[in-house]
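Welcome! Please take a moment to look over the chain below before we walk through it together.

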Amino acid sequence: MDLHQLQLLRELGERGSLAAVARALHVSASAVSQQLAALQRRAEVPLTERRGRNLVLTGAGQALARAAVDISVAMRSAEQAVSHYLQDPRATVNLCAFNSAGLTYFGPLLQALSGEDSPRLICHDRDVGQEDFPALAADYDVVIAHRLEHSPPWPESITVLPLVREPLDVAMSETHPLAIEPSVSVADLITEEWVSVQDGFPLTSALQALAVHAGQPLNVTHRINEFFIAAAIVSAGSAVSLMPRHTAAPPPGSGIVLKPIHDLPLARRVDILCRPEALQRVAVLQVVDALRRIPFSN
């Protein structure tokens with residue numbers, strides 16, 4: 001049954017006439033009558049009857065009007081529950097990020113939101129292809145995603161909050177002949193053995209751009225998604241790899257150096273993705289604000 005029609009039935013019982021209901025709700029009496037007639041078609045017994053010039057409720061109508069009161073109370077309670085959920089700064093927020101972003105952001109974020117009135121944060125790592133990040137917003141309140149700078153934008157159905165632009169450098173062993181150079185060119189890299197990611201992951205198209213610029217395919221020997229595994233291969237001195245400058249930067253003493261490509265600057269965009277309704281929640285806004293305050297080079 002239609003909630004508005006039930007409310008009109010209740011009003012008729014309490015106000016005593018169609019005219020009184022119409023005046024109270026600032027509508028015409030005929031509009032009220034039409035809605036009550038539509039409600040009557042859903043009922044098995046008469047809900048109203050004529051007594052003189054007035055339309056009054058039958059016993060069944062009075063029972064349904066009392067039920068309308070209960071429904072109104074339940075709806076108000078539901079509205080208050082939703083309002084509390086939206087306004088509660090301590091509500092649970094589910095966050096997911098690709099691996100290197102999780103390493104960069106999760107620790108500082110948990111520290112920043114450790115106060116008594118902070119959201120309860122649940123962190124997840126999800127290593128997916130670039131086209132699969134938007135779908136994660138259906139399962140998580142906040143998604144930290146990445147895409148190459150010149151790749152297609154995220155779909156319009158998703159709210160996108162830019163987090164940072166991160167350059168991509170060439171990682172190589174510190175014993176590599178190019179390690180003494182401040183930067184490298186595409187021509188320097190044509191004959192190198194490469195560590196790539198699996199097909200469909202964001203850095204794939206960066207390597208494809210390198211190959212196009214070089215005018216020939218790259219010699220891809222290894223396909224590793226996890227940057228730290230790739231770093232282990234690179235440090236052995238047998239291959240080079242593209243690596244983000246900050247989120248996956250090799251630590252001092254790793255035996256790896258990063259070199260920018262001076263004739264083909266490459267970068268990725270790290271963004272916050274979420275469904276528009278998620279940003280109606282105070283707790284989610286707190287998480288987003290805290291993320292954007294974390295220094296990216298941590």
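The paragraphs that follow visit a helix, a cluster of rings and a charged residue.

Keep in mind that this is a predicted model. Let us start with helix H4, which runs over residues 59-87. With 29 residues at 1.5 Å a residue, H4 should span 42 Å, and its end C-alpha atoms are indeed 42 Å apart, so the two values agree. Its buried residues are Gly 61, Leu 64, Ala 65 and Ala 68. Among the elements that cover them are helix H1 (3-15), helix H3 (29-40) and strand E2 (54-57).

Next, turn to the aromatic rings, where the structure holds two pairs. In one, Phe 98 and Phe 133 meet edge-to-face, with 6.3 Å from centre to centre and 75 degrees between the planes. Phe 98 sits in the loop between strand E3 (92-97) and helix H5 (99-112), while Phe 133 sits in the loop between strand E4 (120-125) and strand E5 (142-148), so this pair ties together parts 35 residues apart in sequence. Phe 98 counts as buried because its relative accessibility is 2%. Phe 133 is buried as well, at 1%. Phe 133 also pairs edge-to-face with Trp 154, at 6.2 Å centre to centre and 85 degrees between the planes. Ring pairs thus link Phe 98, Phe 133 and Trp 154 into a cluster.

Finally, find Glu 192, in the loop between helix H6 (186-189) and strand E7 (193-196). What does the side chain of Glu 192 make a polar contact with? Its partner is the side chain of His 176, at 3.1 Å. Glu 192 is buried yet has no salt bridge, and the nearest side chain of opposite charge, Lys 259, is 13 Å away.

Conventions
Residues numbered from 1 in each chain as written. Predicted model: local features only at pLDDT ≥ 70, side-chain atom pairs only at ≥ 80, totals over all residues. Heavy atoms only, no water. Helix = DSSP H or I, 4+ residues; strand = E, 2+ residues; numbered from the N terminus. Expected span 1.5 Å × (residues − 1). Buried < 20%, exposed > 50% of the residue type's maximum accessible area, 1.4 Å probe, protein only. Contact = heavy atoms within 4.5 Å. Lys, Arg positive; Asp, Glu negative; His and termini not counted. Salt bridge = Lys/Arg side-chain N within 4 Å of Asp/Glu carboxyl O. Polar contact = N/O pair within 3.5 Å; in protein donor to acceptor, adjacent residues only side chain to side chain. Phe/Tyr/Trp six-rings, centres within 6.5 Å; stacked < 30°, edge-to-face > 60°.
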